[in-house]
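Me: I would like to go through this model by question and answer, beginning with one helix and ending with the whole chain. Please give the reasoning before each value or name.

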Amino acid sequence: MTTIRREVLTLPAAPLGPDNPLPPLRPLDEAHRIDDRDRAGLPRDMARQVDYAPLRSLLPVQVRDGYDRERAPREVDALVIENDRLRATVLPGLGGRIASLHHKPTDRELLYVNPVLQPANFALNGAWFSGGIEWNIGATGHTTLSCSPVHAARVPAPDGRGHRPSGGGGGEMLRLWEWERLRDLPFQVDLWLPDGSDFLYVGVRVRNPHERPVPTYWWSNIAVPEDRRVLAPADEAWHFGYERRLRRVPVPTYDGVDRTYPFNSTYAADYFYEVPDDRRRWIAALDADGHGLVQTSTDLLRGRKLFVWGTGPGGRRWQEWLTEPGTGGYCEIQAGLVRTQLEHVRLDAESEVSWLEAYGPLDTAPDGDWHTVLRRAEDRLEAALPRADVDAAYEAWRPHADTEPGERLATGSGWGALEVLRAGWKLPGTPFDEDTLGEEQKPWLHLLRAGSLPEPEHHEPPGGTLVARPWRDMLETTAATPLAEYHLGVAQWHGDDRAQAVRSWERGLTSAADRWPLLRCLAVADQQDGHPKRAADRYLEAFDDLCARRADAAADGDSTWAAVTAAVGRETIGALLAVGRTADARTVWERLDPGTRARGRFRLTEAELLAAEGRTGDARAVFDEGFEVADLREGADSIGLLWARLDDAPLPARYDFRMWPDEE
């Protein structure tokens, strides 16, 4: 019989810290874009889906960049689901990540288990961590829910091996569900272990309650140790590297090297396998002795992928960055709705999409002729978990997808509850109850019920903005206070109505007591419209106003002020340096908190400021003293570019995160 229990893990973890309080108005910094030279050769459906509704903005989500790299033992809530064969450990406070999948009879861990919890800047909105199985929904990239809580509860499961509906006396499922905010879609993930099964079943459903089609995206991302051979039923793959070229390549050997062994790649790369329509969907990672993990699914989840970090210095540095040196690296095997992660698919109005996945051990010799190895692996998989059984388990699970949850085991955000209140949607199986509404939703609940936005107390920052069309309509009809004009402008900017956004922010300025939020938005608009000097003026005015407001509110001890000052100060320094105003940039730097200036990101800013002032030796000394930019972006080259201005010597290994051959 399956059991589900609470557990607390203790592991070295860096705190997440506060979210960035500024709305992310700039275009999304996304590396997964295709070079125009490669579009002509794409299959028609792939080309259509690559061009369909790529994400342009993070709004309404805020950036999570408040974490550092100071790890200390911390308690992490976990939910453990197990039968007599498998034990899965789930982290409901961290996106519902499966942190561990342990096979009891062989005493083997089937996943790569990260021994630390170290946030890094890989999610669409920043904070993400490596290891385990994650559920990526929303848009190309790691989900914004990577380090956020999800709802969790017990639900009756199909009986036996998952082939018959439960009569009420069967086992239990662990249901995870949340509201994905980038596309405004509710989703659920149901986990269960049939009695005596070596496979964890995972039923997934994504729903579109809107009266319009919505783009959707899903990839289940599985971290496994990289000393493996990865098998998938394909003779071709789409290769995508950090040079942003998408090419069809042969499998397993490409450019004279068998790329199904992760250690055979020098640079980080994605391999999206071209699985024929009539083949079973599966992917496996096996060690030299033939032991490892296999993932399979119903046919709807068609895509399969291998991601490798590569053996180059940048890839190895990232592996160390995400865990602890000497603990071993990982690669990722993945499964998605379409061929590649560059695509989004249309989910029709008032419809849903669902499928079933299974995860378990596979034992088969990995080495040898590719087709012989694949046939042998497929035979072993069919013996362990017949393809027909996966389809039958899916059919047995579907009646349970609407079952209302029983005992609540974890609580996610209140955003789903707010949307359900606004629209009156009925979403069986995934209740978004009013008791989950929190402080973040409070002003928007007031707008919904009373028609107005409450003014913040003690000059506190305005908070996040809801940008979906129904909320924008409410903002357009509420009283035109400076706060309402600020939020309306953000919503208009998100809707690509930039001229109206600027007018809203300018109207808000005429009577605003707190001018800095509006001035910062106008400064970003100036930058995007090619007016860097005016942007610098507005940024400096915003920072001056912020410092004055912070002084007024200092007695309140509001901990958010340090985060606000750091965020605005960093952008202001950058804008001033861009137009050569180093003296003004220095005055901003000196008004930042000592604790802020000591953070790695700001040590890099200091080095950039010193270099702009012509103090090359002092800037080089910052590198010699050492710093770590906790929120360094995947693929970012800012450190290397600054170093090249300061010194002709090779970039020191501790700062070398370069991931493509052009930079050797």
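Me: Which residues in α10 are buried?
Reply: The model is a predicted one. Buried stands for under 20% relative accessible area. In α10 this applies to Trp516, Pro517, Leu518, Leu519, Arg520, Cys521, Leu522, Ala523, Val524, Ala525 and Asp526.

Me: How many of the 13 residues of α10 are buried, and what does that say about its place in the structure?
Reply: Helix α10 is largely enclosed by the rest of the structure. That follows because the buried residues of α10 number 11 of the 13.

Me: What span should helix α10 have, and what is the distance between its end C-alpha atoms?
Reply: Helix α10 covers residues 516–528, which makes 13 residues. The expected span takes 1.5 Å times one less than the number of residues, so α10 should span 18 Å. The end C-alpha atoms agree with that, being apart by 18 Å.

Me: Which residue just after α10 takes a positive phi?
Reply: The phi in question is about 80°. The residue that takes it, just after α10, is Gly530.

Me: What kind of aromatic pair do Trp309 and Tyr330 form?
Reply: The structure holds 24 aromatic pairs. In the pair of Trp309 and Tyr330, the ring centres are 6.4 Å apart and the planes stand at 80°. Planes over 60 degrees apart count as edge-to-face, so the pair of Trp309 and Tyr330 is edge-to-face.

Me: Where do Trp309 and Tyr330 lie, and how many residues apart are they?
Reply: Trp309 is in the loop between β23 (303–308) and α2 (313–322), whereas Tyr330 belongs to strand β24 (residues 330–336). Both Trp309 and Tyr330 are buried. Their pair links distant parts of the chain, with a separation of 21 residues.

Me: Which residues do ring pairs link into a cluster with Trp309 and Tyr330?
Reply: Trp309 and Tyr330 are two members of a cluster held together by ring pairs. The other members are Tyr112, Phe122, Trp128, Phe307, Trp318, Trp321 and Phe657.

Me: Which residue lies over the face of Trp321, and which ring has the charged end of Arg181 over it?
Reply: Trp321 belongs to the cluster of ring pairs. At 3.6 Å from the ring centre of Trp321 lies Arg69. The charged end of Arg181 is 3.8 Å from the centre of another ring, that of Trp415.

Me: Is Asn83 buried or exposed, and which backbone oxygen does its side chain reach?
Reply: Asn83 is in the loop between β2 (72–82) and β3 (86–91). Its relative accessible area is 4%, so Asn83 is buried. Beyond its neighbours within four places in sequence, Asn83 is in contact with residues including Met1, Thr2, Lys104 and Leu193. At 2.9 Å, the side chain of Asn83 reaches the backbone oxygen of Pro194.

Me: Is Asn20 buried or exposed, and which residues is it in contact with, leaving aside its neighbours within four places in sequence?
Reply: Asn20 lies in the loop between β1 (3–13) and α1 (44–50). With a relative accessibility of 13%, Asn20 counts as buried. Its contacts, leaving aside neighbours within four places in sequence, are Gln62, Val63, Asp65 and Ala567.

Me: Which residues does a cis peptide bond join, with omega about 10° or near 10°?
Reply: Most peptide bonds are trans. One cis bond leads to Pro60, in the loop between α1 and β2, and another to Pro252, in the loop between β17 (246–250) and β18 (253–254). The residues joined are Leu59 and Pro60, and Val251 and Pro252.

Me: What are the phi values of Asp107 and Glu350?
Reply: Most residues other than glycine have a negative phi. Asp107 sits in the loop between β4 (97–103) and β5 (108–109), and Glu350 in the loop between β25 (345–347) and β26 (351–363). Asp107 is exposed at 59% relative accessible area, and Glu350 is exposed at 59% as well. Phi is positive in each, near 55° for Asp107 and about 50° for Glu350.

Me: What radius of gyration does the chain have, and what would a compact globule have?
Reply: The chain has 17 helices and 27 strands, and 58% of its 664 residues are buried. For 664 residues, a compact globule would have a radius of gyration near 26 Å. The chain agrees with that, at 25 Å.

Technical notes:
Residues numbered from 1 in each chain as written. Predicted model: local features only at pLDDT ≥ 70, side-chain atom pairs only at ≥ 80, totals over all residues. Heavy atoms only, no water. Phe/Tyr/Trp six-rings, centres within 6.5 Å; stacked < 30°, edge-to-face > 60°. Helix = DSSP H or I, 4+ residues; strand = E, 2+ residues; numbered from the N terminus. Buried < 20%, exposed > 50% of the residue type's maximum accessible area, 1.4 Å probe, protein only. Lys NZ or Arg CZ within 6 Å of the ring centre and 35° of its normal. Polar contact = N/O pair within 3.5 Å; in protein donor to acceptor, adjacent residues only side chain to side chain. Contact = heavy atoms within 4.5 Å. Rg over C-alpha atoms; globule rule 2.2 N^0.38 Å.
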